[in-house]
Amino acid sequence: MSHSTTNLILHRQPTKLVENRVCFAGPHSELSIYDTYEQANKVSLKSDALLYCGMVTGAKVMHTQYEQDITFLPHESFILAPKEEVLIDFPEAQIDRPTTCLTVEISQERIAQICDRMNDVTNVDGLAPIDPNKPLHTLHTQGTQQVLDRLVSDFVQNDPDRDLLVDFGVSELVTRILRHHGREAFLQFTKTIPDANGLTNALSFIESNLSQPLDIDHLSKLACMSRSRFYQTFKRHLGCTPNEYQHQRRMNIALSYLKQRRSVTEVSMELGYQSLSHFSRRFHQHFGLSPRQVQNQLN
């Protein structure tokens with residue numbers, strides 16, 4: 001969370017020490033802010049609707065039926081499917097330094113409406129359906145962080161257009177979630193059948209050569225398309241240009257390498273960046289955190 005958002009939702013008087021909750025209702029959605037003031041284990045959280053979770057301060061450890069001991073930190077997203085339960089540990093919570101997080105509960109009706117408008121996310125030729133039940137945990141981009149900051153501000157403040165602004169923010173947040181799911185599913189499909197069609201062939205080449213500059217003419221030939229049609233098809237399926245996609249994939253792989261405690265210099269060189277400062281700047285622009293800050297969170 002940004003400092004402005006944190007100031008809006010911190011310093012509330014608690015009525016209980018574990019998961020003290022304050023709620024703000026919106027159209028087809030609800031924002032909840034939770035403060036925990038003492039260490040606790042296996043605290044249950046679930047909802048009848050899709051639940052977006054974001055950390056504000058401190059750290060939690062999440063346990064789902066799919067994975068145990070998931071460390072959840074600020075600048076990360078955790079999305080839970082309807083009726084799916086997560087058990088939460090609070091290893092750092094203290095009376096003078098609470099662990100604070102937020103959830104945005106989004107109705108299935110609103111999700112369905114947005115899905116209909118993003119039909120290309122789940123209807124890619126030959127692509128297996130996305131598993132809607134498995135939780136999504138990721139360090140989100142700076143763009144998603146800005147959406148979240150703005151959405152929380154819209155929920156909390158008494159603006160005459162509050163409900164409209166909240167609905168816009170929820171739509172953008174859900175769009176980003178769906179796009180992430182769709183892209184990951186398409187990437188998995190590409191890894192399984194790299195020569196299924198021209199687009200998967202080009203995408204497989206990008207994945208195998210992430211450290212190299214993109215040659216759009218070569219990618220177009222691999223896809224058996226003209227340059228303009230390749231750009232159009234790529235953006236329709238992936239939601240971005242080939243260069244943007246390469247950058248996003250580099251950033252995600254850089255994050256996974258940093259979490260393996262590899263040095264920033266090594267990661268920068270392996271992913272093809274010309275200088276350490278250029279890599280660090282792009283990483284910070286993408287995630288809102290520097291590579292060193294990510295490493296420090298692991299200590």
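Six strands (DSSP E runs of at least two residues, numbered from the N terminus) form an open sheet in the order 1-2-9-4-7-10, with antiparallel pairing; two strands count as paired if DSSP finds at least two bridges between them. Strand 1 (20-26) and strand 10 (136-139) lie at the edges with a single partner strand each, so one side of each has no neighbour in the sheet. Neighbouring strands are turned by 20° against each other on average, direction ignored, the axes being lines fitted to C-alpha atoms, for helices over the stretch in contact, with angles from 0 to 180 degrees between N-to-C directions.

The model is predicted: local features need pLDDT of at least 70 and side-chain atom pairs pLDDT 80 or more, whereas totals for chains, interfaces and linings use all residues. Residues are numbered from 1 along each chain as its sequence is written, and side-chain values use heavy atoms, without hydrogens and water.

Strand 7 (residues 76-80) pairs with strand 10 over 4 antiparallel bridges, and isoleucine 79 has leucine 136 of strand 10 as its bridge partner. Helix 4 (residues 142-156; helices are DSSP H or I runs of at least four residues) packs on the sheet, its direction making about 95° with that of strand 2 (29-36).

The largest nonpolar core (buried Ala, Val, Leu, Ile, Met, Phe, Trp, Tyr and Cys residues joined through side-chain atoms within 4.5 Å; buried means under 20% relative accessible area, 1.4 Å probe, protein chains only) has 32 residues, of which Phe230, Phe234, Tyr245, Phe279 and Phe283 touch the most other members. Helix 9 gives the most to this core, with 7 residues.

Conventions
Buried < 20%, exposed > 50% of the residue type's maximum accessible area, 1.4 Å probe, protein only. Contact = heavy atoms within 4.5 Å.
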